[in-house]
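Please open the model in a viewer and keep the sequence panel beside it. The tour proceeds by selections, each followed by a description of what is found there.

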Amino acid sequence: MKAVIIPQFGGPEVLTVAERPEPSAGPGEVRVRVHAATVNPTDLSLRSGRRTPDYPPPYIPGMELAGVVDQVGPGVQTLRVGDEVMAIVVPMRPQGGAQAELVVVPEASAVPIPRGRSLVEAATLPMNGLTARRALDLLALAPGSTLAVTGAAGAVGGYVIQLAKVAGLKVVADAAPADESLVRELGADWVVPRGSQVATEIRRVIPQGVDGLVDAAVLGAKVLGAVRDGGAVAAVRQWEGGTERGIVIHHVMVTEYAQNRAALEELRQLAEQGRLTPRVAQTFPPEAAQEAHRRLAAGGVRGRLVIVFS
Ligand SMILES: NC(=O)c1ccc[n+]([C@@H]2O[C@H](COP(=O)([O-])OP(=O)(O)OC[C@H]3O[C@@H](n4cnc5c(N)ncnc54)[C@H](OP(=O)(O)O)[C@@H]3O)[C@@H](O)[C@H]2O)c1
């Protein structure tokens with residue numbers, strides 16, 4: 001089978017496509033014939049070696065996919081051969097990640113795709129949707145609480161806004177002028193200018209400070225000023241700097257939800273109801289993975305870049 005490979009740490013130019021042995025579904029696992037697998041910021045970190053110097057290549061990147069179940073291991077209860085599914089994949093394992101023609105995942109990491117959505121759209125939901133879910137679960141805000149979101153136009157930020165509205169939160173989100181209408185459409189109650197002054201801008205809208213904040217733009221300690229005394233921040237990358245005024249910093253690790261099937265199922269249902277919106281920017285054949293990495297690294301992508309296996 002064909003797979004995108006990181007043969008060594010480096011720039012986008014190291015990415016290649018190669019043949020790999022076909023994996024088989026073990027107990028409690030399904031094998032998916034992949035149609036679509038997304039390219040995420042984490043793939044860039046994996047490729048550069050910035051994130052996992054202890055896990056040497058070669059390996060297959062990719063943390064989410066959609067495709068058709070083509071093999072079911074012993075004990076699988078809920079999925080059958082022929083089901084169209086979406087799944088989160090943890091790539092730091094011997095068989096690698098999602099960007100391959102055949103990928104084995106635990107049953108708990110896969111659910112049917114939302115009715116009315118394509119496989120390409122569905123592929124954009126599991127990893128970033130579960131990240132948003134995990135961030136909000138860590139903050140555990142009661143309905144009516146205030147939440148701020150940085151990086152709101154991005155994949156994680158967008159899903160955070162939509163899930164927060166489902167949870168009855170009041171959301172203030174940052175945006176560049178060009179993204180303001182997008183962020184409003186996603187459900188933000190207030191939109192403030194993005195940038196280094198974002199904490200001051202959020203305080204202008206919520207003078208007492210927000211109850212919680214999801215820092216999807218990875219601004220770090222600069223956001224603390226937006227949060228009320230004793231509030232909380234969900235950090236999606238390593239937190240640089242300390243904290244102040246009793247603000248709790250939660251570290252989001254989506255891998256902790258990689259087998260949270262109930263959360264994945266909720267994402268499917270919300271997408272079916274139109275309350276969670278998968279966004280696709282562009283598709284690429286696996287042979288153009290280098291181009292996808294360059295495009296993502298350049299910034300400004302709205303919606304996900306998706307590798308499509310024919
Ligand atoms: N911990 C976990 O388990 C986990 C899981 C998933 C994702 N993540 C991390 O979460 C972060 C967001 O991921 P994503 O997929 O949502 O990325 P994304 O789609 O690229 O979104 C990031 C957003 O932040 C914006 N941004 C960048 N710099 C900014 C700044 N200084 N001020 C305001 N906005 C800024 C980007 O705008 P431009 O495009 O204009 O730069 C973009 O809209 C990444 O760092 C990713 O690695 C962590």
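Begin by selecting Gln282 and Leu305: Leu305, in β15, is the bridge partner of Gln282. The model is a predicted one, in which local features need pLDDT of at least 70 and side-chain atom pairs count only at pLDDT 80 or more, whereas totals for chains, interfaces and linings use all residues. Residue numbers start from 1 along each chain as its sequence is written.

**Strand β15 and its partners**

Extend the selection to strand β14 (residues 280-284), which pairs with β15 in the parallel sense over four bridges. Strands are DSSP runs of E with at least two residues, helices are runs of H or I with at least four residues, and both are numbered from the N terminus. Two strands pair if DSSP finds at least two bridges between them.

Next, add strand β3 (residues 29-39), which runs antiparallel to β15 and is joined to it by four bridges. Here, Thr38 has Val306 of β15 as its bridge partner. Is β15 (residues 304-308) largely enclosed or open? Four of its five residues are buried, so the strand is largely enclosed by the rest of the structure. A residue is buried if 20 or more other C-beta atoms lie within 10 Å of its own, exposed if 12 or fewer, and partly exposed in between, with C-beta atoms placed from the backbone.

**The two domains**

Colour the chain by domain: domain 1 covers 2-125 + 278-308, and domain 2 covers 128-254. These bounds come from an automatic or database domain assignment. The domain centres, taken over C-alpha atoms, are separated by 28 Å. Six residues from domain 1 and seven residues from domain 2 make the contact, where two residues are in contact if their C-beta atoms, placed from the backbone, lie within 7 Å. On the side of domain 1 that touches domain 2, two residues are nonpolar, one is polar and three are charged. In this classification, Ala, Val, Leu, Ile, Met, Phe, Trp, Tyr, Cys and Pro count as nonpolar, Asp, Glu, Lys and Arg as charged, and the others, Gly among them, as polar.

**The nonpolar core**

Select Leu65 and Val160, the residues with the most contacts inside the largest nonpolar core, which has 101 residues. Such a core is a set of buried Ala, Val, Leu, Ile, Met, Phe, Trp, Tyr and Cys residues joined through C-beta atoms within 7 Å. Both domains give residues to this core, so it lies between them. Beyond its neighbours within four places in sequence, Leu65 is in contact with several residues, including Val32, Val34, Ala87 and Val103.

**The ligand shell**

Which residues come nearest to the ligand? Of the 27 around it, these are Gly151, Gly154, Val156, Ala217 and Val254; a residue is near a molecule if its C-beta atom, placed from the backbone, lies within 6 Å of it. Helices α1 (41-48), α3 (126-139) and α4 (155-166) each give two or more residues to the shell, and α4 gives the most, with three. The shell comprises 13 nonpolar, eleven polar and three charged residues, and at least three come from each domain.

**Loop positions**

Finish at Val218, in the loop between β11 (210-215) and β12 (227-235), and at Arg245, in the loop between β12 and β13 (248-251). Most residues other than glycine have a negative phi. Val218, however, has a positive phi of about 55 degrees, and Arg245 has one of about 50 degrees. Val218 is partly exposed, with 15 other C-beta atoms within 10 Å, whereas Arg245 is exposed, with 12.
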